[in-house]
Every structure is written in structure tokens, then in C-alpha cells.
Amino acid sequence: MVKVLFVCLGNICRSPMAEAIFKDMVQKKGLDGKISVDSAGTGNWHVGEPPHEGTRNLLTEKNISFEGLKARQVVAGDLTEYDYVIGMDAKNIGDLQRMAGNVPVNHVARLMDYVSDSKMQDVPDPYFTGNFDEVYDLVSEGCRKLLEDIEAREKL
Ligand code: 4NP
């Protein structure tokens, strides 16, 4: 099983959206027995909460399930447990690298790094911008490219 973890700051806006979208793509490709998907936040403010209303509204509009999603905080063990740890912005990556310290970890990368011609390197935080549509567009494109990369790399 290839294990993918999406990470943002609060785990209520961007990374649960990525988790739901990526799970939907994985299912549609019939890869759900081969790829498992989760998300977590570097912060602990919203632990136990469902996704933010903006993320829920958008996923409902796109007919993508977010059933059972609940915020949790990243733990150091995630960095060795998950094969792909995918952050939404440069701060997430810095926080994950600090958490890893000198311990060798699995693949840590920023989602938009998978989109070679992307104008944006970070997925802007809609908790502050209010723009969930922008997040959906960026995250969908990033997830599409990430899945292609994993399928090729893991020979799925
Ligand atoms: P997210 O957005 O990282 O995309 O889930 C945030 C949610 C909550 C907070 C910050 C960002 N917060 O400061 O509580």
C-alpha cells in the first residue's frame, strides 16, 4: 500500500480538501486498494473538528465525499509512516523538516511542485483569504499531477 498524507496548518481547509479530492481520483481510477490517503495539520487548534464550512460547501458542490474527516495534528511518526508527505505551502514544509530533525524521513514535498508550469508555488490559505474556489482549482491540478507521478513511480 502506498501511503499519502496531505499537510496544512489547521487541517480544516486545504489538506482535507486535498484528501477528499485525491481519494475521489484514486477511487475513480480503481486504485483504492493500492493507495491510502490521510491529512493532518501542523497546528492543533482544530483537532477533532470536521472540515471548514468553505471546504464542505465546495466539496458538496463538486459531489465529492468528505464523510468522516476530522482534524488531527501531524506527529513525527507520520514522516516515516507515510511514503508521500505533501505540504500545501513553504511554511508547512519548513515545519515538517524541523519536526524531522536529523532523522531520515520519506518523501516530503509541496503539492504545487508537481505542477511544473504552475504560477503559484504555495496553495494560499483560504482561512485568511476566504477564496476556496482558488484552493479547489490549485489542489485539483496538484492532485492530478501527484497521482500521475505516484502511478509512474510506484508502477501502479
Ligand atoms: P488550513 O487553514 O491550514 O488550510 O486548514 C487554517 C485553518 C485554521 C487556522 C489557520 C489556517 N487557524 O489559525 O486556526
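# Loops, ligand and core in one model

User: In which loop is N63 found?
Analyst: This is a predicted model. Two helices flank the stretch that holds N63, and the second covers residues 78–81. N63 is found in the loop between α2 and α3.

User: Is N63 buried or exposed?
Analyst: Over 50% relative accessible area counts as exposed. N63 has a relative accessible area of 70%, so N63 is exposed.

User: What is phi of N63?
Analyst: N63 is a residue other than glycine. Its phi is still positive. The value is near 60 degrees.

User: Where is N11, and is N11 buried or exposed?
Analyst: N11 sits in the loop between β1 and α1. N11 is not a glycine, yet it has a positive phi of about 60 degrees. Under 20% relative accessible area counts as buried. N11 is at 2%, so N11 is buried.

User: Which residues are around the ligand?
Analyst: The shell includes N11, a residue in the loop between β1 and α1. It also includes R14, whose place is in helix α1. The full list is C8, L9, G10, N11, I12, C13, R14, W45, H46, D125, Y127 and F128.

User: How do the residues of that shell divide into nonpolar, polar and charged?
Analyst: Sort the shell by residue class. Two residues are charged and three are polar. The nonpolar residues number seven.

User: How far is an oxygen atom of the ligand from the side chain of R14?
Analyst: Begin with the backbone. A backbone N or O atom of I12 lies 3.0 Å from an oxygen atom of the ligand. For a polar backbone atom of C13, the distance to a ligand oxygen is 2.9 Å. For an N or O atom in the side chain of R14, the distance is 2.8 Å.

User: How much of the area that the ligand exposes alone does the protein bury?
Analyst: Take the ligand alone first. It then exposes 360 Å². Of that, the protein buries 92%.

User: Is R14 buried or exposed, and which backbone oxygen lies 2.9 Å from a polar atom of its side chain?
Analyst: R14 has 2% relative accessibility, so R14 counts as buried. Its place is in helix α1. A polar atom of the R14 side chain lies 2.9 Å from the backbone oxygen of V123.

User: Which side chain does R110 join in a polar contact?
Analyst: R110 lies in strand β4, residues 107–110. At 18% relative accessibility, it counts as buried. A polar contact of 2.7 Å joins its side chain to that of D122.

User: How far apart in space are P126 and R110?
Analyst: P126 is in helix α5, residues 126–129. P126 is buried, at 2% relative accessibility. In sequence, P126 and R110 are 16 residues apart. In space, C-alpha to C-alpha, they are 17 Å apart.

User: Which element supplies the largest share of the largest nonpolar core?
Analyst: Nonpolar side chains tend to be buried together in soluble globular proteins. The largest nonpolar core here has 38 residues, and V4, F6, F22, I35, I86, V139 and L146 touch the most other members. At least two residues each come from β1, α1, β2, α2, β3 and α6. The largest share, nine residues, comes from α6.

User: How far apart are the end C-alpha atoms over residues 2–149?
Analyst: In an unreviewed entry, UniProt lists residues 2–149 as "domain: Phosphotyrosine protein phosphatase I". Over this range the chain is 41% helix and 15% strand. The end C-alpha atoms are 12 Å apart.

User: How far apart in space are V103 and S39?
Analyst: V103 lies in the loop between α4 and β4. Its relative accessible area is 51%, so V103 is exposed. V103 and S39 are 64 residues apart in sequence. In space, C-alpha to C-alpha, the distance is 21 Å.

Conventions: Residues are numbered from 1 along each chain as its sequence is written. This is a predicted model: local features need pLDDT of at least 70, side-chain atom pairs count only at pLDDT 80 or more; totals for chains, interfaces and linings use all residues. Side-chain values use heavy atoms; hydrogens and water are left out. A residue is near a molecule or strand if one of its heavy atoms lies within 4 Å of it. A polar contact is a pair of N or O atoms within 3.5 Å; within protein, one must be able to donate a hydrogen and the other to accept it, and residues adjacent in sequence count only if both atoms are side-chain atoms. Accessible areas come from the Shrake-Rupley method with a 1.4 Å probe; for residues, only the protein chains shown count as cover. Ala, Val, Leu, Ile, Met, Phe, Trp, Tyr, Cys and Pro count as nonpolar, Asp, Glu, Lys and Arg as charged, and the others, Gly among them, as polar. UniProt positions are given in the numbering used here, feature names are shortened, and annotations may be inferred rather than shown by experiment. Helices (H or I, at least four residues) and strands (E, at least two) are DSSP runs, numbered from the N terminus. A nonpolar core is a set of buried Ala, Val, Leu, Ile, Met, Phe, Trp, Tyr and Cys residues joined through side-chain atoms within 4.5 Å. Buried means under 20% relative accessible area, exposed over 50%, partly exposed in between (1.4 Å probe, protein chains only).
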